[in-house]
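Me: I would like to learn how to read the features of a structure one at a time. Please give the general idea before each case.

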Amino acid sequence: MAALQLSKVLPVFQQNLRCLCTSSVHHAAQAKPAAAKKPGVGNVVLVDGVRTPFLMAGTQYKKLMPHDLARHSLKGLIERTGIPTDTVDYIVYGTVIMEVKTSNIAREAALGAGFSNRIPAHTVTQACISSNQAITTGVSLIASGQCDAVVAGGVEFMSDVPIRHSRKMRNIMLASTKAKTLPAKLQLIGQALSPSAWVPELPAVAEFSTNETMGHSGDRLAAAFKISRQEQDEFAMRSHKLADEATNKGLLSDRLDYKVPGVMETVTRDNGIRVSSMDKMAKLKPAFIKPHGTVTAANASFLTDGASACLIMSEEKALAMGYKPKAYLREYLYVAQDPKDQLLLGPAYATPRVLKKAGLTLNDISVFEYHEAFAGQILANMKALDSDHFATSYMGLSEKPGAPPLDKLNLWGGSLSLGHPFGATGVRLVTTAANRLIKEDGRFALLAACAAGGHGHAMIVERYPS
């Protein structure tokens, strides 16, 4: 039955691709080389970035709250950079599933971390690219001259997501505050005894507009681009091996130690890294489209708790304060596609456009950091980038832009292995890109990510001269 469903889905997907209009994009008036600006004039730099260890939901962080993780990342950034807490001009934080008690988590975490209460802070959300949005919001504040120093970050806490009463029960509770007479109160009690009132509304990682989970979208995308189960498992295994190697070599220097209250041992590592074998991975059953789907727990990113933060500044301010920046934050853009059939193809659309905007080619890029939501998702994006048909029919290009070579892609692991706290991953991508450029002696990095709603993001990062 599932195979029949897939056979029906693929033609619809391909037909919708043919009918796709051009995506909405943050356009530049004219493409310019990424290094065109003179040093110190209008440049925005990344001083440094940090993150908590990324942990599987329900593990060592489970008794904390989101602002605890965010506060720890901010404290770690203060310690790492030595930034005086009253010299930051603005703080922006990204999150997706919001804790109602700390709705502006940027403000609560900043106050808890010791930043001046005179520093404004706000929270943004754009699904899996929320901290990308936090960073680029900071870049805009600096580029426009409103700020010289901005802290940007993100947090996600999947160990304790909000679970709501049913709408019926919520209405009863709200009405109870206005019920003054005994008959009115008894009537509400009678309504509350209805079993249907007690059925909770559970959160789901699903698109509101389509009611489809991202896992189903990933499965359909992999099928449409003919990505086999074996290819997905091989890519996932690669991610875990690279993350394990990077951890053992001490390359993940953005990661902070965390002495979690009530937990005996200090958390020092990302606990989702699992170096397995193809035989073991092949035994796992499909997680979404059963029994013939190809997305499993092994080749999909897992629910993750974690937070990240970075310090970005005008180059002039950074140098005046004695900092040696890690990288320039150059061109960036956001794209949007049909959330039904192209939910996860943001990187494919964003990559050639950000390269054009920066006046660069694929060969100019030394480091690629792409968000790995699913192995099938990232492989589908690679196939799309390497397809003349896709480029000419759906991207409005004369020829394929080409896909990033694997020997430059996510060499320290990715979201499949390190974890994916929705609101925090963007800062990890930017910081890792900058750190890899330094370690690998490269000049330009390109990072890209997909997000719910059919969104995508891409940015060019340039290593700061030594």
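Reply: Start with burial: a residue is buried under 20% relative accessible area, exposed over 50%, and partly exposed in between. The model here is predicted. Take Glu 201: its relative accessible area is 29%, so Glu 201 is partly exposed.

Me: Which residue forms a salt bridge with Glu 201?

Reply: A salt bridge needs a side-chain nitrogen of Lys or Arg within 4 Å of a carboxyl oxygen of Asp or Glu. Glu 201 meets Arg 164 in this way, at 2.8 Å from N to O. Glu 201 sits in the loop between α6 and α7, Arg 164 in the loop between β6 (149-156) and α5 (167-176), and the pair links distant parts of the chain, 37 residues apart. Arg 164 has 45% relative accessibility and therefore also counts as partly exposed.

Me: How many salt bridges does the structure hold?

Reply: There are 18 salt bridges. One of them joins Asp 270 to Arg 51, with 2.7 Å between the closest N and O atoms. Asp 270 belongs to the loop between α8 and α9 and Arg 51 to strand β2 (residues 44-51), so this pair ties together parts 219 residues apart in sequence.

Me: Are Asp 270 and Arg 51 buried or exposed?

Reply: Asp 270 is buried, at 4% relative accessibility. Arg 51 is buried as well, at 1%.

Me: What about a pair with an exposed partner?

Reply: Look at Arg 463 and Asp 441, whose side chains meet in a salt bridge of 2.8 Å, N to O. Arg 463 is in strand β11 (residues 455-463) and Asp 441 in the loop between α15 (425-440) and β10 (444-451), so the bridge ties together parts 22 residues apart in sequence. With a relative accessible area of 23%, Arg 463 is partly exposed, while Asp 441, at 59%, is exposed.

Me: Which residues are joined into one network by salt bridges that share partners?

Reply: Arg 51, Asp 254, Arg 255 and Asp 270 form that network.

Me: How should I read burial over a whole helix?

Reply: Count its buried residues. In α7, 9 of the 11 residues are buried, so the helix is largely enclosed by the rest of the structure. Among the buried residues of α7 are Met 214, Asp 219, Arg 220 and Leu 221.

Me: What does the backbone do just after α7?

Reply: Lys 226 takes a positive phi of about 55° there. Lys 226 is not a glycine, and its place is the loop between α7 (214-224) and α8 (229-248). At 64% relative accessibility, Lys 226 is exposed.

Me: Where else should I look for an unusual backbone value?

Reply: Ala 127, again not a glycine, has a positive phi of about 55°. Ala 127 lies in the loop between β5 (121-124) and α4 (130-143). Its relative accessible area is 15%, so Ala 127 is buried. For omega, go to the peptide bond from Lys 290 to Pro 291, which is cis, with omega near 5°. Pro 291 is in the loop between α9 (278-282) and β7 (304-314).

Me: How do I read empty space in a model?

Reply: Rolling a probe the size of a water molecule over the atoms shows where empty space is left. In this model, the largest pocket holds about 930 Å³ of space. Its lining has 34 residues, with Ile 97, Ala 204, Val 205, Ala 206 and Phe 422 nearest the centre.

Me: How many residues of that lining are nonpolar, polar and charged?

Reply: The lining of the largest pocket divides into 24 nonpolar, 7 polar and 3 charged residues.

Me: Which residues make a nonpolar patch on the surface?

Reply: Leu 182, Leu 186, Ile 189 and Leu 193 make a patch of about 440 Å². Leu 182 belongs to helix α6 (residues 182-192). Leu 182 is exposed, with a relative accessible area of 58%.

Me: Finally, what separation should I read between Lys 383 and Thr 361?

Reply: Their C-alpha atoms are separated by 18 Å, and the two residues are 22 residues apart along the chain. Lys 383 is placed in helix α12 (residues 375-385). With a relative accessible area of 34%, Lys 383 is partly exposed.

Definitions and conventions. Residues are numbered from 1 along each chain as its sequence is written. This is a predicted model: local features need pLDDT of at least 70, side-chain atom pairs count only at pLDDT 80 or more; totals for chains, interfaces and linings use all residues. Side-chain values use heavy atoms; hydrogens and water are left out. On a 1 Å grid over the protein atoms alone, a cavity is a set of points where a 1.4 Å probe fits but cannot get out, and a pocket is an open set with protein on both sides within 12 Å along at least five of seven lines; lining residues have an atom within 4 Å of a point. Grid points are joined across faces, edges and corners, and a volume is the space filled by probe spheres set on the points. Ala, Val, Leu, Ile, Met, Phe, Trp, Tyr, Cys and Pro count as nonpolar, Asp, Glu, Lys and Arg as charged, and the others, Gly among them, as polar. Patches are made of residues with over 30% relative accessible area and no salt bridge: like charges are joined within 9 Å, nonpolar side chains (Val, Leu, Ile, Met, Phe, Trp, Tyr) within 5 Å. Accessible areas come from the Shrake-Rupley method with a 1.4 Å probe; for residues, only the protein chains shown count as cover. Helices (H or I, at least four residues) and strands (E, at least two) are DSSP runs, numbered from the N terminus. Buried means under 20% relative accessible area, exposed over 50%, partly exposed in between (1.4 Å probe, protein chains only).
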